[in-house]
Amino acid sequence: MTDRPRPQAMRLTEAAATRIRELAADSGKEIEGVRIGVKNGGCAGMEYTMEYAAEAGPHDEVVEDKGVKLLIDPAAVMFLLGTEMDYQVGQMRSGFVFNNPNQTSACGCGESVMLKSADQAEPQAAEASD
C-alpha cells in the first residue's frame with residue numbers, strides 16, 4: 001500500500017507571503033514561522049489568530065509556501081483545510097484575508113466568522129488555544 005501525499009492545509013497568495021516576510025524582517029525577533037489558528041470569539045463565533053512563533057510545536061502542521069513557514073495549530077487544522085490566505089490593501093483598511101471554504105458566515109465587520117470542520121456538515125465551535 002502506498003502512502004498518499006497529504007494535502008497542504010493552507011496556501012498563501014504572493015501578496016500574503018510578501019507581507020509576512022516584511023513583517024518578520026521588521027519584528028526584531030528570531031522566528032521560525034507564523035502560527036495560524038482559530039479561537040472562539042467575536043459576534044459570529046470564531047476568529048482567526050496569527051502570531052510569531054520562535055519554534056514549531058510538537059503537533060503543529062507545518063506548511064511552507066512561497067518562502068514562508070506557517071505553523072498551523074493542531075486544533076485548527078480541520079477548520080483551515082483548503083484555505084488561501086491573502087493580503088489586501090484598500091482605501092479604508094489593509095490586512096490579511098482568509099478565503100476559507102469551511103466558512104459558513106461572517107459578521108458585518110469582518111472580524112469574526114462561523115466555520116465548520118472540513119469533515120463536518122454543520123458549523124462547529126473550535127477548541128483552540130492562543
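Is Lys69 buried, partly exposed or exposed, and what is its relative accessible area? In this predicted model, Lys69 is partly exposed, and its relative accessible area is 23%. The side chain of Lys69 meets that of Glu32 in a salt bridge, with an N to O distance of 3.3 Å. Because Lys69 belongs to strand 5 whereas Glu32 sits in the loop between helix 1 and strand 2, this pair ties together parts of the protein that are 37 residues apart in sequence. Glu32, like its partner, counts as partly exposed, with a relative accessibility of 32%.

The protein as a whole contains two helices and nine strands, which follow one another along the sequence in the pattern β-α-β-β-β-β-α-β-β-β-β. Of its 130 residues, 35% are buried, and the accessible surface comes to about 7,800 Å², with 48% of that area belonging to carbon and sulfur atoms. When contacts between residues at least 6 apart in sequence are considered, 54% of them join residues at least 24 apart.

The largest nonpolar core holds 23 residues, and the members that touch the most others are Met10, Leu12, Ile36, Val38, Leu70, Ile72 and Leu80. Two or more residues of this core come from each of several elements, namely strand 1 (10-12), helix 1 (14-26), strand 2 (33-41), strand 3 (45-53), strand 5 (68-72), helix 2 (77-80) and strand 6 (83-89). For Ile36, with residues up to four places away in sequence set aside, the residues touched are Met10, Thr49, Met50, Leu70, Leu71, Ile72, Asp73, Leu80, Met85 and Phe98.

Eight salt bridges are found in a search of the whole structure, among them the pair of Lys69 and Glu32 described above. Another joins Glu14 to Arg21, whose closest N and O atoms are 3.2 Å apart; Glu14 is partly exposed at 44% relative accessibility, and Arg21 is likewise partly exposed, at 35%. A salt bridge is also formed between the side chains of Lys39 and Glu47, at 3.9 Å from N to O, and Lys39 counts as partly exposed with a relative accessibility of 26%. In addition, Arg35, Glu51 and Asp60 are joined into one network by salt bridges that share partners.

Towards a later part of the chain, Thr104 lies in strand 8, which covers residues 103-106, and is partly exposed, with a relative accessible area of 38%. The C-alpha atom of Thr104 is separated by 5.6 Å from that of Leu115, although the two residues are eleven residues apart along the chain.

Terms used
Residues are numbered from 1 along each chain as its sequence is written. This is a predicted model: local features need pLDDT of at least 70, side-chain atom pairs count only at pLDDT 80 or more; totals for chains, interfaces and linings use all residues. Side-chain values use heavy atoms; hydrogens and water are left out. A nonpolar core is a set of buried Ala, Val, Leu, Ile, Met, Phe, Trp, Tyr and Cys residues joined through side-chain atoms within 4.5 Å. Buried means under 20% relative accessible area, exposed over 50%, partly exposed in between (1.4 Å probe, protein chains only). Helices (H or I, at least four residues) and strands (E, at least two) are DSSP runs, numbered from the N terminus. Contact means heavy atoms within 4.5 Å. Accessible areas come from the Shrake-Rupley method with a 1.4 Å probe; for residues, only the protein chains shown count as cover. A salt bridge is a side-chain nitrogen of Lys or Arg within 4 Å of a carboxyl oxygen of Asp or Glu.
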